[in-house]
Amino acid sequence: MRVYSGSDIGLRRDSNQDYCKTGIFESGAAWAVVCDGMGGANGGCTASSMAAETIAGILTEKYSAEMTSEQVRELMEQAVAAANGRVYTAACEDPSLRGMGTTVVVAIAVNGVIHIVHAGDSRAYLFEKDRIRRITTDHSIVQELVDAGQLTEEEAMNHPHRNIITRALGVEEGLLTDYNSLPFGEGAMLVICTDGLSGYFNDGDLCELIRSNSGEELVGQLIDAAKKLGGSDNITVAVIAA
């Protein structure tokens with residue numbers, strides 16, 4: 001199992017409010033956390049870094065190779081809940097941080113299975129056998145319109161409200177997350193990214209970029225591709241390769 005990641009401020013932002021943590025457990029399982037903060041430069045940076053560091057700390061402290069799939073899920077959800085509580089409390093206690101929050105995608109790959117917990121519009125894609133599949137569903141206004149048949153995916157990419165999300169870590173005392181688990185066999189790759197990347201590419205375009213690259217080179221190529229198309233937001237990518 002291998003894991004790679006990278007983050008770039010992009011071409012139009014004054015700060016990078018994305019934050020990413022990745023690693024390999026002693027047992028060989030891989031993990032990644034990607035967050036995209038919101039709430040101004042100070043709040044967004046604080047929310048994303050606090051959330052990712054909290055989740056990473058809990059995962060590395062409490063993960064065990066003996067865990068069942070259900071226990072892995074519980075650990076991931078507990079880590080996200082703890083991060084939500086910490087960010088929410090910080091926002092309540094400091095007026096300068098009020099309203100801050102962050103998207104979150106957490107993934108653990110172990111024993112031929114990928115486990116994913118997420119909230120917000122940062123995404124996870126599974127690439128295998130030259131095909132790509134979007135694993136996460138955006139928690140956003142435009143995704144709700146797409147689901148209702150009122151927008152196409154292409155229209156959603158350019159909608160004026162495309163950045164309004166309906167779930168974010170740290171905004172409320174409780175957080176509803178989505179969980180997915182899928183087979184993750186040899187040669188498969190999980191690509192996690194913030195909307196600084198996914199906002200520029202449909203699934204087919206991403207598939208072509210992933211097919212042509214791998215490892216650290218893939219991370220760099222994806223970031224560079226988003227910057228060539230404008231780089232209007234921070235761009236963060238994490239890749240877990242089986």
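Colleague: In which sense do strand β5 and β6 pair, and over how many bridges?
Modeller: In this predicted model, strand β5 covers residues 104-110, and strand β6 covers residues 113-119. In general, strands of a sheet pair through backbone hydrogen bonds, either parallel or antiparallel. For β5 and β6 the sense is antiparallel, and the number of bridges is seven.

Colleague: Which residue in the turn between β5 and β6 has a positive phi?
Modeller: The strands β5 and β6 form a hairpin, and two residues lie between them. Within that turn, the residue with a positive phi, of about 50°, is Asn111.

Colleague: Which residue of β9 stands opposite Val117?
Modeller: Val117 belongs to β6, where Val106 stands opposite it. Strand β6 is also joined by six bridges to strand β9, residues 178-183, and these two strands run antiparallel. In β9, the residue opposite Val117 is Tyr179.

Colleague: How many of the seven residues of β6 are buried?
Modeller: Strand β6 pairs with β5, and six bridges join β6 to β9. The strand is mostly covered, and the number of its buried residues is six.

Colleague: Is Thr177, in the loop between α4 and β9, buried or exposed?
Modeller: Thr177 lies in the loop that runs between α4, residues 153-157, and β9. Leaving aside neighbours within four places in sequence, Thr177 is in contact with Glu77, Val80, Val117, His118, Ala119 and Arg167. Because its relative accessibility is 19%, and the cut-off is under 20%, Thr177 counts as buried.

Colleague: At roughly what angle do the axes of helix α1 and helix α2 cross?
Modeller: Two packed helices are described by the angle between their axes and the distance between the axes. The axes of α1, residues 40-62, and α2, residues 69-93, come within 9 Å, and α1 passes α2 in a right-handed crossing. The contact is made by residues including Ala47, Ala51 and Ile55 of α1 and Ala79, Ala83 and Val87 of α2. The axes cross at roughly 145°.

Colleague: How far apart in space are Ala51 and Ala83, C-alpha to C-alpha?
Modeller: Ala51 is found in helix α1 and is buried, with a relative accessible area of 0%. Beyond its neighbours within four places in sequence, Ala51 is in contact with Cys35, Ala83, Val87, Thr102 and Leu169. Although Ala51 and Ala83 are 32 residues apart in sequence, their C-alpha to C-alpha distance is 4.9 Å.

Colleague: What span should the 25 residues of α2 have, and against which elements do its buried residues pack?
Modeller: At 1.5 Å a residue, the helix α2 should span 36 Å, and its end C-alpha atoms are 36 Å apart, which agrees. Among the buried residues of α2 are Val72, Leu75, Met76 and Asn84. The expected span is thus 36 Å, and the buried residues pack against α1, β5 and β6.

Colleague: Which strands stand at the edges of the five-stranded open sheet?
Modeller: The strands of this sheet follow the order β1-β11-β10-β7-β8, with antiparallel pairing. Each edge strand has a single partner strand, so one side of it is left without a neighbour in the sheet. The edge strands are β1 and β8.

Colleague: Which residue of β11 stands opposite Val191?
Modeller: Strands β10 and β11 run antiparallel and are joined by five bridges. Opposite Val191, the residue in β11 is Val239.

Colleague: What angle does the direction of α7 make with that of β1?
Modeller: Helix α7 packs on the sheet, where it touches β1, β10 and β11. The angle between the direction of α7 and that of β1 is about 25°.

Colleague: Over what arc around the axis do the buried residues of α7 lie?
Modeller: An α-helix has 3.6 residues a turn, so residues three or four places apart point the same way. The buried residues of α7 are Gly215, Leu218, Val219, Leu222, Ile223, Ala225 and Ala226. Their arc is narrow enough to put them on the same side of α7, whereas Glu216 and Lys228, on the other side, are exposed. The arc covered is only 160°.

Methods: Residues are numbered from 1 along each chain as its sequence is written. This is a predicted model: local features need pLDDT of at least 70, side-chain atom pairs count only at pLDDT 80 or more; totals for chains, interfaces and linings use all residues. Side-chain values use heavy atoms; hydrogens and water are left out. Buried means under 20% relative accessible area, exposed over 50%, partly exposed in between (1.4 Å probe, protein chains only). Helices (H or I, at least four residues) and strands (E, at least two) are DSSP runs, numbered from the N terminus. Two strands pair if DSSP finds at least two bridges between them. The arc is that of the directions from the helix axis to the C-beta atoms. Axes are lines fitted to C-alpha atoms, for helices over the stretch in contact, and angles run from 0 to 180 degrees between N-to-C directions. A crossing is left-handed if the near helix is turned anticlockwise from the far one by less than a right angle, and right-handed if clockwise. Contact means heavy atoms within 4.5 Å. The expected span of a helix is 1.5 Å times one less than its number of residues.
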